[in-house]
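I opened the notebook to record what I looked up in this model, entry by entry. My plan was to begin with a strand pairing and work outward from there.

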Amino acid sequence: MVHGTWGRGFFPTIAALVTRRPRWFQPGSGFHTGLFSELSARQIDAQSTFVEWSGSNSFKERELAARKVAQSIETRVQQFPNTPVLLLGHSHGGNVVSRALSNTTVDLDRIYVTTLATPFLEVFKTKLTASQERSLNMLFMFFFLAFVALSNFTIQQLFPELREKNGFDLPNIAAVIGILAIALIGATSIYPLLVRRSAAQLALVEMISSQSGVLRVRDRRLVVRAVDDEATLVITTGAIGTRLASLAFSIIGALRPSNLVWPAIGFILEYAWWNVPRLPFGIEIYFHRIASILFAATFLVPLLVFLLVVFAAFFRAAYGRELAIAGVNCEVSAHSAPDGHGLEIVTLRQSNAARRLRHYIYDEPSCGAAVADWIAARIKNDEISTGSA
């Protein structure tokens with residue numbers, strides 16, 4: 001048995017001290033007792049063990065857990081070479097089980113897999129065009145410029161003694177040049193660093209999210225899901241991120257890097273408005289209007305794209321925290337049942353007693369019976385097909 005994300009609580013050490021009630025995968029829990037009672041009623045003698053892991057919402061942590069499960073599989077197969085082994089994972093524990101099958105080389109002919117309310121995920125990296133890369137670079141440079149200038153403006157407001165007079169004096173000219181230099185250096189150094197880190201992170205996530213390993217067990221798979229489960233909510237949340245990312249890159253694809261120069265010009269004019277000497281009244285009004293129009297009209301588009309990218313990454317992080325950084329230029333396949341032929345899917349309607357956040361499907365009394373019915377039928381069919389007693 002393998003628990004899912006935060007399967008031992010947000011703070012496992014503290015939770016273990018506070019509550020004495022066994023978790024669903026531990027002996028003495030309602031699900032554990034019910035499942036073994038159902039198996040016994042079908043003349044199946046079984047032993048159980050469980051694999052604990054950090055439970056963090058992270059692809060890397062799930063991969064580490066999968067390696068622990070793979071080791072447990074190899075140990076069980078060596079101890080009981082002729083005995084069926086059932087891997088049962090709840091929530092992201094189902095993805096851990098799927099990856100574990102990719103991390104083991106043992107014969108899987110006696111391995112059975114059951115997942116409870118699992119959002120099945122696969123991540124695929126998408127390649128950005130050269131224009132999109134340049135546009136993203138320009139967007140980053142512009143917002144870095146805005147951040148530095150806003151910080152400078154805030155400091156001047158909080159500490160007016162640092163700026164004794166307005167105008168084109170040497171300190172102000174040096175400040176403007178310094179801001180532009182910092183923005184340029186920041187954009188040309190920090191942005192490539194983020195891009196390289198994002199690409200490396202995404203390549204790793206793409207590899208460890210593969211569901212190919214579970215295909216090795218062919219039709220010995222049972223998917224138990226519930227109506228309107230929280231796993232569906234995770235899938236929906238991530239899908240929102242996918243749509244936002246698609247919209248952001250549609251806009252970025254329509255932009256040309258040269259177009260992003262205009263908001264920078266408008267911003268510089270607007271910034272200069274607060275630093276130049278007072279001009280004649282008429283010229284001052286037109287100067288301010290031109291700067292404001294350029295700034296407002298062209299600032300909204302990159303701002304919109306920036307917000308879309310941020311929100312896309314935020315929603316994608318529901319799949320795993322790595323996608324908060326690397327979740328923009330990728331696609332995620334998320335479903336309540338995995339790809340493949342021969343698997344059996346059972347959809348439970350949870351009773352009122354089991355609707356605690358609607359994700360604790362193991363609290364549903366019929367869950368253990370569904371698993372026991374399936375494993376009994378599968379073992380019987382496999383024994384008949386192989387001619388074994």
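**Entry 1: strand pairing.** I began with Leu-86 and found that its bridge partner in strand 2 is Tyr-112. I keep in mind throughout that this is a predicted model. Looking at the two strands as wholes, I noted that strand 1 and strand 2 pair in the parallel sense over six bridges. Strand 1, residues 85-90, is mostly covered, with five of its six residues buried.

I then followed strand 2 to its pairing with strand 4, where the two run parallel and four bridges join them; here I looked up Thr-114, whose bridge partner in strand 4 is Leu-222. From strand 4 I went on to strand 6, residues 344-348, to which strand 4 is joined by five bridges, again with the strands running parallel. For a residue pair in this pairing I wrote down Arg-225, which stands opposite Thr-347 in strand 6. I also checked the cover of strand 4: five of its six residues are buried, so the strand is largely enclosed by the rest of the structure.

**Entry 2: the loop after strand 1.** Ser-91 is in the loop between strand 1 and helix 4 (92-100), and I noted its phi, near 55°, as a positive value in a residue other than glycine. I count Ser-91 as buried because its relative accessibility is 8%, below the 20% limit.

**Entry 3: nonpolar cores.** The largest nonpolar core has 22 residues, and those with the most contacts inside it are Trp-24, Phe-31, Leu-35, Leu-88, Leu-116, Val-224 and Ile-361. I asked which elements supply at least two residues each, and listed helix 2, strand 2 (111-116), strand 4 (221-226) and helix 11 (365-386). The largest share, six residues, comes from helix 11. Taking Leu-35 as a sample, and leaving out residues up to four places away in sequence, I found that it touches Met-1, Leu-88, Gly-368, Val-371 and Ala-372. Apart from this core lies another one, of 19 residues, including Ala-65, Val-85, Leu-108 and Ile-111.

**Entry 4: the loop between helix 2 and helix 3.** I looked up three residues here. Gln-43 lies in this loop and has a positive phi of about 60° although it is not a glycine; at 71% relative accessibility, Gln-43 counts as exposed. Ile-44, also found in the loop between helix 2 (30-41) and helix 3 (59-79), counts as partly exposed at 22%. The C-alpha atoms of Ile-44 and Ala-376 are 7.6 Å apart, although 332 residues separate the two along the chain. Beyond residues up to four places away in sequence, Ile-44 touches Leu-39, Ile-375 and Ala-376.

The third residue was Arg-42, whose side chain meets that of Asp-373 in a salt bridge, with 2.7 Å from N to O. This pair links distant parts of the chain, since Arg-42 is in the loop between helix 2 and helix 3 while Asp-373 is in helix 11, 331 residues away. I recorded Arg-42 as partly exposed, at a relative accessible area of 24%, and Asp-373 as partly exposed at 41%. Glu-38 belongs with these two in a network of salt bridges.

**Entry 5: the salt bridges of Glu-63.** The structure holds four salt bridges, and I next looked up Glu-63. Arg-67 forms one with Glu-63, the closest N and O atoms being 3.7 Å apart; the two residues are four apart in helix 3 and are therefore separated by about one helical turn. Arg-99 also forms a salt bridge with Glu-63, at 2.9 Å between the closest N and O atoms. Arg-99 lies in helix 4 and Glu-63 in helix 3, so this pair ties together parts that are 36 residues apart in sequence. As for exposure, Glu-63 is buried at 6%, Arg-99 is buried at 9%, and Arg-67 is partly exposed at 45%.

**Entry 6: a surface patch.** Phe-306, Leu-307, Val-310, Phe-311 and Phe-314 form a nonpolar patch on the surface, with about 480 Å² of accessible area together. Phe-314, which lies in helix 9 (residues 281-316), counts as exposed at 59% relative accessibility.

Note on methods
Residues numbered from 1 in each chain as written. Predicted model: local features only at pLDDT ≥ 70, side-chain atom pairs only at ≥ 80, totals over all residues. Heavy atoms only, no water. Buried < 20%, exposed > 50% of the residue type's maximum accessible area, 1.4 Å probe, protein only. Contact = heavy atoms within 4.5 Å. Patch = residues over 30% accessible without salt bridge, like charges linked within 9 Å, V, L, I, M, F, W, Y side chains within 5 Å. Areas by Shrake-Rupley, 256 points an atom, 1.4 Å probe, with all protein chains shown as cover. Core = buried A, V, L, I, M, F, W, Y, C linked by side-chain atoms within 4.5 Å. Pairing = 2+ DSSP bridges.
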